[in-house]
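Open the model in your viewer and keep the sequence panel visible. We will go from one selection to the next.

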Amino acid sequence: MHRGSCLCGKICYEYRGEIDEVSMYHCRQCRKAQGTAFAVAPIRSAGFRITQGAQYLKEFRATPSKARVFCSECGSPLYSARDDRPEAKRLRLGTLDTPISPSKCYHAWVSTQAEWFEITDGLPKFPEFAR
Ligand SMILES: [Zn+2]
């Protein structure tokens, strides 16, 4: 069981399941949405539940079919979800309050990564989506 929350603490969530894979997406849209080159992890929607503050959730759609969900009070990005893939969400890992030990970490969309960010961790890098 994992727990997380936004910066102001009004929104809390839980996730029943393993977070074993960490995808660091470097695409321009993700950088804009996070304000940095940031990490997200694919999770199954089935184990994800908002436990507090659902009324503070707000979403923005840069792409019509994809919601980027954040706290309307403090602005913390929480997850993204695509209409055509209701079984999956991409959790913003910085909002987790419990530790994880992922075994599969990689960088995706490095073809469009920020010129000021050098990847030196030796993890797999993919020009676009990971394969
Ligand atoms: Zn908040």
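Start at Tyr79: its bridge partner in strand S9 is Leu91. This is a predicted model, where local features need pLDDT of at least 70, side-chain atom pairs count only at pLDDT 80 or more, and totals for chains, interfaces and linings use all residues. Residues are numbered from 1 along each chain as its sequence is written. Helices (H or I, at least four residues) and strands (E, at least two) are DSSP runs, numbered from the N terminus.

**Select 77-92.** Strand S8 covers residues 77-82, and strand S9 covers residues 88-92. S8 and S9 run antiparallel, joined by two bridges. Two strands count as paired if DSSP finds at least two bridges between them. Five residues link S8 to S9 in a hairpin.

**Add 66-71.** This is strand S7. Which residue stands opposite Tyr79 here? Val69 does. S7 and S8 run antiparallel, with five bridges between them. They too form a hairpin, with five residues between them. Click Gly75 in that turn: its phi is positive, about 85°.

**Step back to Pro64.** Pro64 lies in the loop between strand S6 (57-63) and S7. Is Pro64 buried or exposed? It counts as exposed, because it has 7 C-beta neighbours inside 10 Å. The cut-offs: buried means 20 or more other C-beta atoms within 10 Å, exposed means 12 or fewer, and partly exposed is in between, with C-beta atoms placed from the backbone. Now draw a C-alpha to C-alpha distance from Pro64 to Asp83: 8.9 Å, for a sequence separation of 19 residues.

**Select 2-5, 12-15 and 48-52.** These selections are S1, S2 and S5. They make an open sheet in the order S1-S2-S5, with antiparallel pairing. S1 and S5 are the edge strands, each pairing on one side only. Neighbouring strands are turned by 25° against each other on average, direction ignored. Those angles use axes fitted as lines to C-alpha atoms, between N-to-C directions on a scale from 0 to 180 degrees. S1 and S2 share four bridges. Find Arg3: Glu14 in S2 stands opposite.

**Zoom out.** The protein chain has one helix and 10 strands. Its elements run β-β-β-α-β-β-β-β-β-β-β from the N terminus. The C-alpha trace spans about 40 × 30 × 30 Å along its principal axes. Colour by burial: buried residues make up 24% of the 131 residues.
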